Amino acid sequence: MLSPSILSHLLTRLATSLLTLVFASLVVFSTLEILPGDPARLMLGLGASEDAIAALRGQMGLNQPIILRYLTWAGHMLTGDFGRSYTYAVPVRDLIAERLAVSLPLALMALTLSMAIAIPVGLFAAARRGRAPDSAIMGVTQLGVAIPNFWFALLLVYVFAVTLRLVPAGGFPGWSAGIFPAFKSLLLPAIALALPQAAILARVTRSALIETLSQDYIRTARAKGLTQTAILRRHALPNAMIPVLTILGLQFSFLLAGTVIIENVFYLPGLGRLIFQAITQRDLIVVEGVIMVLVAAVLLVNLIVDLAYAFVDPRLDIPR
Amino acid sequence: MNRSLIIGLTITLLVAGMALLSYAWTPYDATAIDIAAKLQGPSAAHWFGTDHFGRDILSMIMVGSRNSIAVALVAVGIGAGIGIPLGLVAATRGGWLDEMLMRFNDLVFAFPALITAIMITAIFGPGAINAIIAIGIFNIPVFARVTRGAALSILSREFILAAKAIGKSSGGITIDHVLPNIASLLIVQATIQFALGILAEAGLSYLGLGAPPPNPSWGRMLFEAQTMIGIAPHMALFPGLAIVITVLGLNLLGDGLRDVLDPRN
């Protein structure tokens, strides 16, 4: 199904992604090495004796040469061992897994919601290009792009949690409390993340569609008597999906970053809050682990987007 | 005349004017605490009301605008100052240098920007300077990529060949012919990055990683408003509107400039 040229392109992309991941691990590790503060001293607190600190440093492997420490850290990560958190005293992998159970559903909900809003809106605007509904939509999206998601989150909290009391203002009951309560507490955060993203996505969808609508095959489709709706759905939209996918891939990284702030607004125990707290507590091993997971996620999503190009547009022979 | 350009320019000038005015005059001292006047809604005395310390919100927004503008402006300067030369070198030299610069770009793009910004401010401590560096670093690959792409398309044009034929050096061609032709594109990009910088600064100072108190900043005003949202929603409303209006103005300015400067129009 995949042509050899696309296959080789994907393999090259896979290789460069892996290389980027290795580079990223070097950057993350060496950046955090220059952080002031001794993790052992920090863990034991102000009253600790020098002997106890030295013992813990030895136990944590902090006295080994830096290259050896990097190789140990990176090697263990490959086997899924992210080390032990200094402050929580549990494996970092467990912490990340526990927090991903909040962040991942949140990011996916936001992504789905923003696509579900943006693509129909973009389609609607493109079909009425230059007329009043189009200008109105463009005005609203222009505003949406300018709204910081955490401010939007505050407004949502005020309206739906404080005033109407429909949803909780923050916190997370955990998935064990049942799907519905958990889902309910992720709803406002997901909307706060999704709407500003939807504004960008709707603009891209619209301009990609307008670009596609000027192509010759659209004129052909019109000439053979297809309705405007059929042309938009059958011919224009699939062809306009490429730039939309590209932006979607790029936005995923923004979405992940957005969760850091949004999780702080809603006091959600996700990856964003974990990394924010770990940074303030100088829990370096957690910071390193979370950043590597996030970088890997961004690279993976962009690989999937690349793969999706091949499915959306089988003609696409990616230039080398 | 272009409508986006006029509206965008007007808003941008108004915000810049407000920041300048704050050096000479604000309705109240932006840091003056007056507990007797705390949590008042908008009134004739306090147009945007007061916060939980009785500080005048309008005055705080005016003073806070300096911080937002300064951080975003310098961050754009860092991005453009390093990114544009990098992009030009990549486009004119090509080869392994180009390849290396582009891979470096990919690397920076793979890092969730805000998280790295949090990491940087965590290393060097919170503060305006570190926020500038954190935001500035992510502007570098943006400018490098835009510059490289635009420069490559200019370099393939005939007048570049003509300049080469009369023996002009590659550096001279870049400065005299490539740069002026891509300047409008870079100005538009700078406006967009400026707007993103305002948003990023607000996000960082919301998380407590921006300029330290008592200097007012829009992001921290929103953080402080969060706990008061049930009793004083106006505390959240006005700083947020200030951010939205500023970013909207800059985006409209960027759109307008793109339309006006695009030679195809």
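In this predicted model, Q197(A) touches S114(A), Q251(A), F254(A) and L255(A), once residues up to four places away in sequence are left out of the count. The residue has its place in helix α8 of chain A, which runs over residues 179-213. Is Q197(A) buried or exposed? Because its relative accessible area is 10%, and buried means under 20%, Q197(A) counts as buried.

The surroundings of this residue belong to a chain whose secondary structure comes to 12 helices and zero strands, so that, read along the sequence, the pattern is an unbroken α-α-α-α-α-α-α-α-α-α-α-α. Of the 320 residues of chain A, 47% count as buried. Where contacts in chain A join residues at least 6 apart in sequence, 72% of them link residues at least 24 apart.

According to UniProt, in an unreviewed entry, the feature "domain: ABC transmembrane type-1" covers residues 100-305 of chain A. Over residues 100-305 of chain A, 83% of the chain is helix and 0% is strand, while the C-alpha atoms at the two ends of this stretch lie 21 Å apart.

Taken as a whole, the C-alpha trace of chain A spans about 85 × 60 × 35 Å along its principal axes. The chain exposes about 15,500 Å², of which carbon and sulfur atoms supply 68%. Chain A carries 23 positive and 16 negative charges, and the mean positions of these two groups are 15 Å apart.

Confidence is reported for both chains and for the complex. Chain A averages a pLDDT of 84, with 94% of the residues scoring at least 70, and chain B averages 88, with 98% of the residues at or above that value. The elements with the lowest and highest mean pLDDT in each chain are set out below.

| Chain | Lowest mean pLDDT | Highest mean pLDDT |
|---|---|---|
| A | helix α2 (residues 39-44) of chain A, 69 | helix α7 (residues 149-163) of chain A, 92 |
| B | helix α4 (residues 113-124) of chain B, 74 | helix α1 (residues 3-24) of chain B, 94 |

Where pLDDT is low, the predicted coordinates should not be read in detail. In chain A, the lowest mean, 69, falls in helix α2, and in chain B the lowest mean, 74, falls in helix α4. For the complex, the predictor gives an ipTM of 0.88 and a pTM of 0.87.

Terms used
Residues are numbered from 1 along each chain as its sequence is written. Chains are lettered from A and ligands numbered from 1 in the order in which they are written. This is a predicted model: local features need pLDDT of at least 70, side-chain atom pairs count only at pLDDT 80 or more; totals for chains, interfaces and linings use all residues. Side-chain values use heavy atoms; hydrogens and water are left out. pLDDT is the predictor's confidence in each residue, from 0 to 100. Helices (H or I, at least four residues) and strands (E, at least two) are DSSP runs, numbered from the N terminus. Buried means under 20% relative accessible area, exposed over 50%, partly exposed in between (1.4 Å probe, protein chains only). Contact means heavy atoms within 4.5 Å. Accessible areas come from the Shrake-Rupley method with a 1.4 Å probe; for residues, only the protein chains shown count as cover. Lys and Arg count as positive and Asp and Glu as negative; His and the chain ends are not counted. The place of a charge is taken as NZ of Lys, CZ of Arg, CG of Asp or CD of Glu. UniProt positions are given in the numbering used here, feature names are shortened, and annotations may be inferred rather than shown by experiment.
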